[in-house]
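Welcome, and please open your viewer so that we can walk through this protein together. Keep the selection tool handy, since each stop begins with something to pick.

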Amino acid sequence: MSPPPALDLIGVRKSYGKTEALRGISLSIAPGEIVGLLGPNGAGKSTLFQIAAGLFAPDAGEVRLFGMGYRDKGSEILSRLGVMFQARAIDLDMSVKANLKFHGALFGLSGRTLAARIAEVATLLEITDLLDKPVRTLSGGNQRRAEVARALLNKPDLLLMDEPTVGLDPTTRRLLLRHLHAVREQAGTSILWATHIVEELENADRIVLIRAGEIIGAGTPADLLARSGAETLTDAYVALTGAPATEPPPA
Ligand code: ADP
């Protein structure tokens with residue numbers, strides 16, 4: 001029997017008052033698949049992430065991770081999940097290592113196991129010589145790498161990353177993407193990452209276009225190019241969504 005999807009959303013709906021943030025989203029991510037969730041600001045990406053991460057339940061629809069639901073298997077799901085939300089989740093005044101130790105302890109890691117795991121994720125993200133530095137003293141890109149390292153400590157089977165590249169320069173962004181692909185190659189991790197930067201998704205296995213709370217298209221980058229007749233992914237995005245590639249944040 002093939003393993004269940006890492007993430008399976010079925011008809012997920014969520015409203016904030018009169019605002020329908022998600023209008024019946026169905027999305028399945030296979031083990032080891034890298035899926036880019038692409039949509040303008042306000043499309044519902046963060047809401048989808050928060051629901052997938054179990055922060056709150058949808059108004060309707062089903063959320064399953066690794067074939068399980070949060071209601072009866074919440075702690076098992078969380079032990080297999082790595083998350084990176086938009087808001088920084090790392091303590092600026094502590095060293096990178098102290099942050100990683102603290103987070104590892106939350107997953108029940110300690111002693112040599114924790115030290116070995118910290119060394120492993122630091123090597124992967126190439127931050128070994130930054131481990132003793134206070135996070136505050138690092139560049140934005142290195143802070144972000146420390147956050148990714150933190151999200152990987154528990155060897156997650158699924159990484160949920162909400163705009164992990166926000167505010168990074170193109171070189172650092174590319175480096176971070178390389179790291180994420182390396183994580184998938186080494187550990188078979190599934191990754192869902194949200195962005196409104198089209199070029200980031202050139203190497204994704206699949207791109208899911210979301211707009212105004214609805215999935216309006218999905219396919220491999222090559223599919224989207226073929227379907228739109230465009231030469232670049234940005235042009236394909238504009239052609240398929242009728243939207244500018246980026247929209248200003250809501251006032
Ligand atoms: P994205 O991450 O794609 O920018 P969001 O999920 O943040 O989209 O937002 C989707 C819609 O829901 C937007 O119209 C946004 O204004 C609204 N929204 C998001 N969070 C809240 C909230 N806590 N209260 C009220 N409206 C919200």
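Leaving aside its neighbours within four places in sequence, which residues is Ser95 in contact with? Select Ser95 and look around it: the residues in contact are Leu131, Asp132, Lys133, Pro134 and Val135. A word before we go on: this is a predicted model.

**Stop 1: around Ser95**

Stay with Ser95 for a moment. Ser95 sits in the loop between β5 (81-84) and α3 (96-106). Is Ser95 buried or exposed? Its relative accessibility is 18%, so Ser95 counts as buried, the cut-off for that class being under 20%. Now add Ala98 to the selection: its backbone nitrogen lies 3.0 Å from a polar atom of the Ser95 side chain.

**Stop 2: the ligand**

Next, select the ligand and show the residues surrounding it. You should find Tyr16, Thr19, Ala21, Pro40, Asn41, Gly42, Ala43, Gly44, Lys45, Ser46 and Thr47. Colour this shell by residue type and you get four nonpolar residues, six polar and one charged.

Which elements each supply at least two residues of the shell? They are β2 (19-29) and α1 (45-52), and α1 gives the most, with three residues.

Now zoom in on the backbone and check three distances, each to an oxygen atom of the ligand:

- Gly44: a backbone N or O atom lies 3.0 Å away from a ligand oxygen.
- Lys45: a polar backbone atom is 2.9 Å from a ligand oxygen.
- Ser46: a polar backbone atom is 2.8 Å from a ligand oxygen.

Switch on a surface if you like: on its own the ligand has 560 Å² of accessible area, and the protein covers 60% of this.

**Stop 3: helix α1**

Keep α1 selected and hide the ligand. How many of the eight residues of α1 are buried? Six are, so the helix counts as mostly covered by the cut-off of under 20% relative accessible area. The buried ones are Lys45, Thr47, Leu48, Phe49, Ile51 and Ala52. Step just past the end of α1 to Gly54, which takes a positive phi of about 80°.

**Stop 4: the nonpolar cores**

Now for the interior. Select Val96, Leu100, Ile127, Val148, Leu152, Met161 and Ile207: these have the most contacts inside the largest nonpolar core, which has 42 residues. Add helix α4 (residues 111-125), which gives the most to this core, with six residues. Another core, of 29 residues, lies apart from it, and Ala53, Val63, Met68 and Ile77 are among its members.

Go back to Ile127 in the largest core. Leaving aside neighbours within four places in sequence, Ile127 is in contact with Val96, Ala122, Arg145, Ala146 and Ala149.

**Stop 5: two loop residues with positive phi**

From Ile127, turn to Glu126, found in the loop between α4 and α5 (140-152). Glu126 has a positive phi of about 55° although it is not a glycine. Its relative accessibility is 43%, so Glu126 counts as partly exposed.

Finally, select Lys155, in the loop between α5 and β6 (158-162). Phi of Lys155 is also positive, near 50°, and this residue is other than glycine. Is Lys155 buried or exposed? Its relative accessibility is 53%, and therefore Lys155 counts as exposed.

Key: Residues numbered from 1 in each chain as written. Predicted model: local features only at pLDDT ≥ 70, side-chain atom pairs only at ≥ 80, totals over all residues. Heavy atoms only, no water. Core = buried A, V, L, I, M, F, W, Y, C linked by side-chain atoms within 4.5 Å. Buried < 20%, exposed > 50% of the residue type's maximum accessible area, 1.4 Å probe, protein only. Helix = DSSP H or I, 4+ residues; strand = E, 2+ residues; numbered from the N terminus. Contact = heavy atoms within 4.5 Å. Near = heavy atom within 4 Å. Polar contact = N/O pair within 3.5 Å; in protein donor to acceptor, adjacent residues only side chain to side chain. Areas by Shrake-Rupley, 256 points an atom, 1.4 Å probe, with all protein chains shown as cover. Nonpolar A, V, L, I, M, F, W, Y, C, P; charged D, E, K, R; others polar.
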